[in-house]
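Grab a pencil and have a look at the protein below. Work through each exercise yourself before you read its solution.

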Amino acid sequence: MADHGGGGGRGCCPPMDLFRSEPMHLVQIIIPIESAHSTASYLGDIGLIQFKDLNAEKSPFQRTYAGQIKRSGEMARKLRFFKEQMSKAGLTPSAKTGAQGDINLDDLEVTLGDLEAELTEINANGEKLQRGYNELLEYKLVLQKAGEFFKAAHSSAVAQHSESELDQAPEESLETPLLTDQESKTEQGKQVKLGFLAGLVAKEKTMAFERILFRATRGNVFLRQAAVEEAVTDPSSGEKVSKNVFLVFFSGERAKSKVLKICEAFGANRYPFADDPSKQEQLITEVSGRISELKTTIDLGLVHRGNLLQRIGEQYEGWNVLVRREKSIYHTLNMLSIDVTRKCLVAEGWSPIYATEQIQDALERATIDSNSQVGAIFQVLPTKELPPTFFQTNKFTDSFQTIVDAYGVAKYQEANPGVYTIVTFPFLFAVMFGDWGHGICLLLATLFLIFKEKKYSTQKLGDIMEMTFGGRYVILLMSLFSIYTGLIYNEFFSVPFELFSPSAYVCRDDACSEATTIGLIKGRDTYPFGVDPAWHGSRSELPFLNSLKMKMSILLGVAQMNLGIILSFFNALYFRNPVNIWFQFIPQMIFLNGLFGYLSLLIIVKWCTGSKADLYHVMIYMFLSPTDELGENQLFANQKTVQLVLLLLSLIAVPWMLLPKPFILKAQHKRTHEGQSYIPIEGEDDSLQVEANHDSHAHEEEFEFSEIFVHQLIHTIEFVLGAVSNTASYLRLWALSLAHSELSTVFYEKVLLLAWGYNNVIILIVGIIVFVFATVGVLLVMETLSAFLHALRLHWVEFQNKFYEGDGYLFHPFSFALLGDDDE
């Protein structure tokens, strides 16, 4: 299986060939242990071999190079830490990468450890200083706000004392002037010493804070609060919070303990405060000085941290690439089996045949670089295992191949529908989206994406934008084909133009109207390209275009389905399967073309002859009354005989597809496996015995005739019913084309022309805005997506199910170029 299609000797640069996947072979490489690392490195550079995991039964921790992978993973973690820190600091790593050959992995490990320790210490010190700075800012606010409370209370008490003629209290009562606000007077002989606490509490908690204080102390506290104008940074959380400064007066140690617990429960930050105004001023001065010093220290720390991150950023890309390369190398080496002598590694993998010379050159270079006395051994292994599928694509063809792969990856070397999808997909889209004005809008948007290709390809885009950018060349062809079909339909935002010549129809007299074909006669040569503009706006426009687009949809559908069946013939020819040619391809061609191929022929004959035959009647009575005379529905001589022959052939094609193939496969199985069980010769290598036994067991599998017959029955029923349903499915081309045209007409006539008819500038501007948004939102976005999905369905279901198995698996080579930032 692996040798189908040849392909040897094509050199190192194979030509682009999308029709068949690249010929592959299974190779075995025996690598000396001392050159294993450099060999994997060189093979990763060329990226043309997919290694098989020969240690699948082992867990990741039981493999040979688990320690090296753990070491690389730890370095990758440190690099991610550096990237997070740079992102927080608003820095981006330098795009240029240094020479990786100059970096030693052991030195890099030490460097990364030192840098992480230094950066962690800087961050810890910075957080500690920032917390102290935030606490001092809060302390300063408390000193200022609480000082204002005391000053206001002191001045109020002095004013009351000066106005009073009686000596109501001794001199010492001025030390606690806030008692005057309580209207609770004590006897002059009794002195009450009040304690107080100052601090800040979050503004949204102030009401609950005050209520709990009142209830816990039974009203034996005095609370004063003042709002802080600007939000302050909380020292604990580091977030901006709106806070209030509070001052609580209480009496006794019991009340004090209750207040302290309540403050702690509400997360209130408490600060020491002196009731002496002179001490308050001294504290404010000291705190302001410490704030200034801390600010300078924090700024210097940020500068130092920024310089360190800048230095890391300059080397980050080179370090990151090296660490990811090392991790992928050891991950690959873990897939290889180690010899019992532990002196060499055995690798198996798939590679394109054309890459043989490149792989051998890489092995030689690795042997020289590692100073190994023994070179690596390269050999091709015979196998019946199905190779992976590998197509050489470029940025233009890759998006079309992705459309096909989304349905299923092609089986090894089967015909690839991606070749035809490049043309048929945008064309079928354009049949449903035919308007050269809308096509130009799509083209301009796509050209913008293509001109910005270098910029956008290196950026992370949103999901929708990334999908659109990835399919930019698909949309480019979709827009070009839409312009082409729009010129055929003669629609520019639903408006017809006489682009190629004047209309072929002229008025017979002055009474004819633009809204009717009555009075129009053909006075000039036929309009050379597309639909004559005279049809637009006429009474017969809709019946004419419906008939045209419906018949065109059937012709396109039958043509594409025939292409699919023809590709199944080339698959059978390529894989040397004559059974599929004689008992699948031929009856399928007869059945499809005996019915719907004949319908397509009638459509073309009717167009050419101008006949008024009713094709519905012809096709229906071809089944119901095949011997009846056709009468006026006859399009050519001996038509009834031709129909009888085609109907008979179509009926014969059904059992032709169903019955012979299962019996032929059963006979082939008996002929192939008679007398083929055997015993391996004694003394052979153990691995060969295991393989021989495995092959003999595979050959001895029972041939399930009933399963094969049921499968063939399902396939036959599916094709017969699918021939009808698939042909009807292509009528979506007509339906969506009609919907697009009618929507475009509605927006033009009911919005733009209606606004124009009011002769009012404001209404006209509003009408233009509505028309633009409706055109962009509905026709250029929703209709584009709708037509895209319908074209996708026609390719996946109606076209590809005729020949495409799509049960292969992609070629995933070990390549450094394919490593992404998220690969772990």
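**Exercise 1: Two loop residues**

N371 has a relative accessible area of 67%, so N371 is exposed. Keep in mind that you're looking at a predicted model.

Task: Find out where N371 and Q413 lie, and work out whether Q413 is buried or exposed.

Solution:
- Step 1. Start with N371: this residue is in the loop that runs between α7 (356-369) and β11 (377-381).
- Step 2. Now check its backbone: phi of N371 is near 55°, a positive value in a residue that isn't glycine. Most residues other than glycine have a negative phi, so a positive value deserves a second look.
- Step 3. Move on to Q413, which lies in the loop between α8 (397-407) and α9 (418-432). Q413 isn't a glycine, yet its phi is positive too, at about 65°.
- Step 4. Buried means under 20% relative accessible area. Q413 has 2%, so Q413 is buried.

**Exercise 2: A pair of helices**

Task: Describe how helix α4 (residues 206-216) and helix α5 (residues 253-265) pack.

Solution:
- Step 1. What do you need? Two packed helices are described by the angle between their axes and the distance between the axes.
- Step 2. For α4 and α5, the angle is about 155° and the axes are 10 Å apart.
- Step 3. Angles over 145 degrees count as roughly antiparallel, so α4 and α5 are roughly antiparallel to each other.
- Step 4. Look at the handedness: α4 passes α5 in a right-handed crossing.
- Step 5. Now for the residues that meet. α4 brings F209, I212, L213 and A216, while α5 brings K258, V259, I262 and C263. Sorted by class, this contact has seven nonpolar residues, one charged residue and no polar ones.

**Exercise 3: Cysteines**

Task: How many disulfides does the whole structure have, and is C608 buried or exposed?

Solution:
- Step 1. Recall the bond: a disulfide is a covalent bond between the sulfur atoms of two cysteines.
- Step 2. Search the whole structure and you'll find zero of them.
- Step 3. C608 has a relative accessible area of 66%, so C608 is exposed.
- Step 4. Try C344 as well: its relative accessibility is 16%, so C344 counts as buried.

**Exercise 4: The whole protein**

Task: Sum up the protein in numbers: its helices and strands, and how much of it is buried.

Solution:
- Step 1. Count the elements: 22 helices and 13 strands.
- Step 2. Of the 824 residues, 41% count as buried.
- Step 3. Finish with contacts that have a separation of 6 or more: residues 24 or more positions apart account for 80% of them.

Definitions and conventions: Residues are numbered from 1 along each chain as its sequence is written. This is a predicted model: local features need pLDDT of at least 70, side-chain atom pairs count only at pLDDT 80 or more; totals for chains, interfaces and linings use all residues. Side-chain values use heavy atoms; hydrogens and water are left out. A disulfide is a pair of cysteine sulfur atoms within 2.5 Å. Buried means under 20% relative accessible area, exposed over 50%, partly exposed in between (1.4 Å probe, protein chains only). Axes are lines fitted to C-alpha atoms, for helices over the stretch in contact, and angles run from 0 to 180 degrees between N-to-C directions. Helices (H or I, at least four residues) and strands (E, at least two) are DSSP runs, numbered from the N terminus. Angles under 35 degrees count as roughly parallel, over 145 as roughly antiparallel, 65 to 115 as roughly perpendicular and the rest as oblique. A crossing is left-handed if the near helix is turned anticlockwise from the far one by less than a right angle, and right-handed if clockwise. Contact means heavy atoms within 4.5 Å. Ala, Val, Leu, Ile, Met, Phe, Trp, Tyr, Cys and Pro count as nonpolar, Asp, Glu, Lys and Arg as charged, and the others, Gly among them, as polar.
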